[in-house]
Amino acid sequence: MVYITGDMHGDLSRFQEPIFRRMGYSDILLICGDFGFIWDNSHRERAMLRKLSKLPFTIAFVDGCHENFDLLENNFRTVKWRGGRAHMIAPNIFHMMRGEIFTIEKHTYFAFGGGHSQDYDYREGTNWWPRERPTHSEISRAIRHLNEHQAKVDYIITHEPPASLKDCLGVDMQQRLEIHTFFEDIIKRCEYRKWFFGKCHMDRFIPMKFYAMFENVLPVEIENIQKKRR
């Protein structure tokens, strides 16, 4: 089964949720950005990654605004996973690269991480990376991949929400990047069943197809995000 959740920010205690004790080798957990366990390469962080690598299920995440992109892009090799390109962090941990389409349990997942840190002015030069912002070439490659799939996927996994959802939720309403225009084009031009995103730190269903994810850990097939976390 495929499960989905939101930003983790390197918080190992999140994996103490009872639902994780019921997940097995055939299960996959998708994370909508800000995985956060690739941050400072400290001894503690490497120890946490070793613990995660021993979990029986697979973890796959899109990047968010709180990842160390130097480590993420330079310390881990690129592999083909479920039909798309990914960085392999461990045999059961993968970073789904931007614009890739993955096939999981016969369903297609379009993944596009990255975004904009509201606090980058305070983090620039210390723990903020310009690579958090998607490039025009990444967006162009994503469009090509979507066109190869006739602009149809089952699920969309991003960190940032589309611009219209920002307005609906009252977050970052004045902040617009090329990625937000791209996402609005996807809404208009693509066919999909559900769109999951992190970033906003809330668990909310926005009719008809959008799901803000944070602490809930839910099966992708769940009908209503308002059901309680298990």
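At 11% relative accessibility, His116 counts as buried, where buried means under 20% relative accessible area, exposed over 50% and partly exposed in between (1.4 Å probe, protein chains only). The model is predicted: local features need pLDDT of at least 70, side-chain atom pairs count only at pLDDT 80 or more, and totals for chains, interfaces and linings use all residues. Residues are numbered from 1 along each chain as its sequence is written, and side-chain values use heavy atoms, with hydrogens and water left out.

**Exercise 1.** Locate His116 and identify the residue whose side chain makes a polar contact with the side chain of His116.

*Solution.* Step 1: His116 is placed in the loop between strand E8 (107–112) and helix H4 (120–123). Helices (H or I, at least four residues) and strands (E, at least two) are DSSP runs, numbered from the N terminus. Step 2: the partner is Arg133, whose side chain makes a polar contact with that of His116 at 3.3 Å. A polar contact is a pair of N or O atoms within 3.5 Å; within protein, one must be able to donate a hydrogen and the other to accept it, and residues adjacent in sequence count only if both atoms are side-chain atoms.

**Exercise 2.** Determine how the axes of H5 and H7 are arranged, and which residues make the contact.

*Solution.* Step 1: the axes of H5 (residues 136–148) and H7 (residues 178–189) come within 10 Å and cross at roughly 15 degrees. Axes are lines fitted to C-alpha atoms, for helices over the stretch in contact, and angles run from 0 to 180 degrees between N-to-C directions. Step 2: H5 and H7 are therefore roughly parallel to each other, a class that takes angles under 35 degrees. Step 3: the crossing of H5 past H7 is right-handed, that is, the near helix is turned clockwise from the far one by less than a right angle. Step 4: His136, Ile139, Ala142, Ile143 and Leu146 of H5 meet Glu178, Ile179, Phe182 and Ile186 of H7, contact being heavy atoms within 4.5 Å. Step 5: these residues divide into seven nonpolar, one polar and one charged.

**Exercise 3.** For Arg82 and Gln150, state phi, the place in the chain and the exposure class.

*Solution.* Step 1: phi of Arg82 is near 55 degrees, a positive value in a residue other than glycine. Step 2: Arg82 belongs to the loop between strand E4 (78–81) and E5, and with a relative accessible area of 39% Arg82 is partly exposed. Step 3: for Gln150, phi is likewise positive, near 55 degrees, and the residue is not glycine. Step 4: Gln150 sits in the loop between H5 and strand E9 (155–158), and its relative accessible area of 63% makes Gln150 exposed.

**Exercise 4.** Which two residues does a cis peptide bond join, and where does Met208 lie?

*Solution.* Step 1: the cis peptide bond joins Pro207 and Met208, with omega about 10 degrees. Step 2: Met208 is found in the loop between strand E11 (204–206) and strand E12 (210–212).

**Exercise 5.** Set out the sequence separation and C-alpha separation for Ala163 with His180 and for Ala90 with Ile59.

*Solution.* Step 1: Ala163 lies in helix H6 (residues 163–169) and is buried at 8% relative accessibility. Step 2: Ala163 and His180 are 17 residues apart along the chain, and their C-alpha atoms are separated by 5.3 Å. Step 3: Ala90, in strand E5 (residues 84–90), is buried with a relative accessible area of 10%. Step 4: Ala90 and Ile59 are 31 residues apart along the chain, with C-alpha atoms separated by 9.4 Å.

Note on methods. Angles under 35 degrees count as roughly parallel, over 145 as roughly antiparallel, 65 to 115 as roughly perpendicular and the rest as oblique. Ala, Val, Leu, Ile, Met, Phe, Trp, Tyr, Cys and Pro count as nonpolar, Asp, Glu, Lys and Arg as charged, and the others, Gly among them, as polar.
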